[in-house]
Amino acid sequence: MNFVILRFDQLGSTNSEALEQAKRGADEGLCVIARRQTAGRGRHGRVWNSPPDSGLYFSLVLRPVIEARFFSLLTLMAAAAVCDTLRELYSFEPDIKWPNDILAGGKKICGILAEAADTDLGWAVILGIGLNLKSDNFPPEIAVAATSIAAETGRPVDLEILLPKLTANISKFYKLLQGENGIENIRNEWARRSSYNEGKDVRVILPGETIIGTTCGLEENGALRIKQPDGEIRIAQAGDVENLRQVS
Ligand code: BTN
């Protein structure tokens with residue numbers, strides 16, 4: 001993939017800017033980054049706190065050739081790419097909380113928000129990555145559950161090293177996803193990096209419902225399978241997952 005990086009001092013949301021660019025015909029590989037976001041967005045309509053230079057606020061335009069029902073695997077692919085980037089550059093072993101929260105020492109270090117839009121050139125998927133670089137500006141409610149690269153390594157982050165490694169890893173997994181057996185390969189790559197794939201006691205909070213059980217792998221599209229105490233297998237397509245051992 002040919003990456004072109006557009007840098008901004010400030011944006012509402014890099015995902016919104018990338019989406020606009022995609023609607024105007026931007027090629028796959030366009031990346032938007034901003035030093036700060038004033039309206040950063042998280043999953044489920046949440047706010048993504050984005051103070052200046054405290055996080056990597058990064059959005060990539062993709063024009064995937066896979067079926068739309070597998071677009072959810074793009075976020076799993078991005079999670080695997082972030083994981084490898086952190087391990088290769090900073091030597092810590094992250095975990096992935098389904099579907100795509102990257103954790104270090106049980107605390108969230110990165111979130112991913114993928115948004116799809118039908119454009120004149122066909123489907124575009126905006127892959128938004130918010131990676132915490134330092135912890136100084138975490139508001140108190142976030143500080144307890146979040147960490148950053150600087151907090152984990154004790155060193156400031158050099159974006160000029162981080163960005164090329166991240167884009168190279170995204171490129172590698174994107175190629176894998178779109179290649180032969182790509183759907184299965186990406187699920188396997190995700191599963192190798194996530195302790196949530198199998199045997200994790202979880203509470204999954206869905207709109208209007210909570211499922212409690214033990215994880216037992218992924219569906220074809222990356223949805224999480226949960227075995228309830230009565231043996232019934234439930235499928236979560238989206239939702240928030242809590243590790244029961246942590247909360248109880
Ligand atoms: C999550 O809720 O965990 C996902 C957070 C995604 C945040 C990133 S920061 C860059 C991009 N722009 C946004 O507005 N959101 C994503």
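Let's start with strand S1 (residues 4-11), which pairs with S2 in the parallel sense over 7 bridges. If you want a spot to find the pairing by eye, look at Phe8, which stands opposite Ala34 in S2. S2 itself is mostly covered, with 6 of its 8 residues buried. Keep in mind as you go that this is a predicted model.

Follow the chain out of S2 and you enter the loop between strand S2 (30-37) and strand S3 (55-62), where His44 is found. His44 has a phi near 55 degrees, a positive value in a residue other than glycine. With a relative accessibility of 45%, His44 counts as partly exposed.

That part of the chain also brings us to the ligand. The ligand is surrounded by 20 residues, and the closest are Ser13, Gln37, Arg41, Arg43 and Lys108. Which atoms of Gln37 come up to a ligand nitrogen? Here the partner is an N or O atom in the Gln37 side chain, 2.9 Å from a nitrogen atom of the ligand. With Arg41 the backbone does the job: one of its polar backbone atoms is 2.7 Å from a ligand nitrogen. Asn15 also offers a polar backbone atom, at 3.5 Å from a nitrogen atom of the ligand. As for how covered the ligand is, taken alone it exposes 420 Å², and the protein buries 98% of that.

Next up is helix H2 (residues 72-90). Its 19 residues should span 27 Å at 1.5 Å a residue, and the end C-alpha atoms are 28 Å apart, which agrees. Is H2 enclosed or open to the outside? It is largely enclosed by the rest of the structure, because 15 of its 19 residues are buried. Just after H2 comes Ser91, and its phi is positive, near 60 degrees.

A little further on, check the peptide bond between Trp98 and Pro99: it is cis, with omega at about -5 degrees. Pro99 sits in the loop between strand S4 (95-97) and strand S5 (101-104).

Now for the cysteines. How many disulfides does the structure hold? The count is 0. Take Cys110: the closest cysteine sulfur to its own is in Cys83, 9.0 Å away, and that is too far for a bond, given that a disulfide needs the two sulfur atoms within 2.5 Å. Cys110 is buried, with a relative accessible area of 0%. Cys216 is buried too, with a relative accessible area of 19%, and the cut-off for buried is under 20%.

Helix H5 (residues 159-178) is a good one to rotate on screen. It has 20 residues and reaches 28 Å from its first C-alpha to its last, close to the 28 Å expected at 1.5 Å a residue. At the N-terminal end, H5 is capped by Asp158, with a side-chain oxygen 2.9 Å from the backbone nitrogen of Glu160. The buried residues of H5 include Leu162, Leu163, Leu166, Ile170, Phe173, Tyr174 and Leu177. When you look at that list, it helps to remember the helix geometry: an α-helix has 3.6 residues a turn, so residues three or four places apart point the same way. Polar names turn up among the buried residues of H5 as well, including Thr167, Asn169 and Ser171.

Past H5, the loop leading to helix H6 (182-193) holds Asn181. Asn181 has a positive phi of about 55 degrees, although it is not a glycine.

The last stretch brings two hairpins. In the first one here, strand S8 (residues 198-206) and strand S9 (residues 209-218) pair in the antiparallel sense over 7 bridges. Val202 stands opposite Gly213 in S9. There are 2 residues between S8 and S9, and Gly208 in the turn has a positive phi of about 80 degrees. Ile205, also found in S8, is partly exposed, with a relative accessible area of 34%. Its C-alpha is 8.9 Å from that of Ala238, although the two residues are 33 apart along the chain.

The other hairpin joins strand S10 (residues 224-227) and strand S11 (residues 233-236), which pair in the antiparallel sense over 4 bridges. Leu224 has Ala236 in S11 as its bridge partner. This hairpin has 5 residues between the strands, and Gly231 takes a positive phi near 95 degrees.

Methods. Residues are numbered from 1 along each chain as its sequence is written. This is a predicted model: local features need pLDDT of at least 70, side-chain atom pairs count only at pLDDT 80 or more; totals for chains, interfaces and linings use all residues. Side-chain values use heavy atoms; hydrogens and water are left out. Two strands pair if DSSP finds at least two bridges between them. The expected span of a helix is 1.5 Å times one less than its number of residues. Buried means under 20% relative accessible area, exposed over 50%, partly exposed in between (1.4 Å probe, protein chains only). A residue is near a molecule or strand if one of its heavy atoms lies within 4 Å of it. A polar contact is a pair of N or O atoms within 3.5 Å; within protein, one must be able to donate a hydrogen and the other to accept it, and residues adjacent in sequence count only if both atoms are side-chain atoms. Accessible areas come from the Shrake-Rupley method with a 1.4 Å probe; for residues, only the protein chains shown count as cover.
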